[in-house]
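Good morning, and thank you for coming. Please look at the structure on the screen while I describe how a part of it is put together.

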Amino acid sequence: MLTVEQNQRLTQVGPGTPMGVLLRRYWHPVATLSQFNDRHTHKVRLLGEDLVLYRDRSGAFGLIGSQCPHRKMSMMYGIPEERGLRCAYHGWVFGEDGSCLEQPYEETEDPDGRFKDKVSIVSYKAESAFGLIFAYMGPDPAPMIPRWDLFAMDGVVRDVGHALIPCNWLQIMENSLDPIHLEWLHQYFADFVAQQKENPEGRRSRTPHEKIGFDEFQYGIIKRRVVEGGSEDDEDWQSGHPMVFPNILRQGGKRSGITWLGLQIRVPVDDNTTAHWWYACYPAEGQEQAPENIPFFKVPVATLDDEGQPLWDVLDNNSGQDIAAWTTQGAVADRSTETLGRSDKGIIMYRRMLEENMDAVAEGRDPQCTFRDPDANAYIELVSEKDPRFARPLGLRQGAAMKYSPILTGRSVLTSDLDG
Ligand code: FES
Ligand SMILES: [Fe+2]
């Protein structure tokens, strides 16, 4: 249980809040490169700020305030120029550093005037990498975008799922430090869902946990489990899988005979909303996939119908079940009335880690998972159970948003190549 103030400290992400200041020290995905195949501007809300991401005709990305500082028209209608974005209303142009590059009528009437030097728009850094566009809202110098293994790995194809989840980011992250929910939410409840759907193939049996363990490591927390019938020799204990600080779950799984590895990246939009990204890699030796061709898909969010009845068709997979758990804790879970037990020791460890890193930033130090040395950031290996580099993948466990993955569901041309 936390006090109301402790809960606010962990959940509020707006400018100037301790958690907002910590999370501004990281690069966050805000779009996929493939989304820019049919657009020049993209609406972004990140850490409580409304922004517009754009690509100008030189190919550079900019991330600027959502409204023109002249008379406030939305920059979503902006016209990309060779450099910068031109407001649709009166033609002022803004560069990716926020500077005003042109003010056509002002320059006509006052050719020697320097009015534009007095005008700027809010701006943040935006960079394309690994098929995603990342934004950085912290102080200079910005750290490097981490080259987590799944971002930098060769011999795989990828797809990227997205959902806007109507709840605070912390309850999604705490779910990733909570191994026990597997046997209930994803097995016992999943089995109940299959019964409701009269779907024999969806039936599950519950395998009780005998032991859970958590280890802090350089990049976060490794979580481990031993389930009934297993032992500490199993991959689930030996390898475990990591929560990558501050907001990524690294996972592996197997479906339709394909082993996949994924990152679930939880990006706070504001205190009450989280952009959830599923970034998945599938082994595909020898296949080329240009970053702008990485398929993008949406994951459904509603898990109840208009009458408040469970939507069984959305609840028949891990992501639907997790979304129901995350969102029904409330927009911001009231942790002053929670009741933690022994199953929650990973959550307690994670909250402490967040506190330590908020303190580190307040004291002028870089927080955990800040990379400034190119050698240390060349390829950051993370392991998890069911990694294809492991000899003995465990049995099928439907993971993440795999139900909606274009690659796994055959909605992508790449699937036929993978199925064999
Ligand atoms: S409102 Fe943007 S140029 Fe006038
Ligand atoms: Fe889950």
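I begin with two neighbouring strands. Strand β2 is joined by 6 bridges to strand β3, residues 49–55, and the two run antiparallel. Strands here are DSSP runs (E, at least two residues), numbered from the N terminus, and two strands count as paired if DSSP finds at least two bridges between them. In general, strands of a sheet pair through backbone hydrogen bonds, either parallel or antiparallel.

Before going further, I should say that this is a predicted model, in which local features need pLDDT of at least 70, side-chain atom pairs count only at pLDDT 80 or more, and totals for chains, interfaces and linings use all residues. Residues are numbered from 1 along each chain as its sequence is written, while chains are lettered from A and ligands numbered from 1 in the order in which they are written.

Let us return to the pair. Which residue of β3 stands opposite H42? It is L53. Likewise, R45 has D50 in β3 as its bridge partner. The hairpin of β2 and β3 has 2 residues between the strands, and L47 takes a positive phi near 50° there.

Now the whole sheet. It is open, has 6 strands with antiparallel pairing, and follows the order β1-β10-β9-β4-β3-β2. β1 (28–32) and β2 (41–46) are at the edges with a single partner strand each, so one side of each has no neighbour in the sheet. From one strand to the next, the twist averages 30°; the axes are lines fitted to C-alpha atoms, and angles run from 0 to 180 degrees between N-to-C directions.

Next, the domains. The protein chain is divided into domain 1 (27–136) and domain 2 (149–419), with bounds from an automatic or database domain assignment. Their centres, taken over C-alpha atoms, are 33 Å apart. The contact takes 13 residues from domain 1 and 15 residues from domain 2; two residues are in contact if their C-beta atoms, placed from the backbone, lie within 7 Å. On the side of domain 1 that touches domain 2, β1 and β2 each supply at least two residues, and β1 gives the most, with 3 residues.

Finally, confidence. The protein chain averages a pLDDT of 92, and 93% of the residues score at least 70; pLDDT is the predictor's confidence in each residue, from 0 to 100. Over residues 390–400, however, pLDDT stays under 50.

Methods:
Helices (H or I, at least four residues) and strands (E, at least two) are DSSP runs, numbered from the N terminus.
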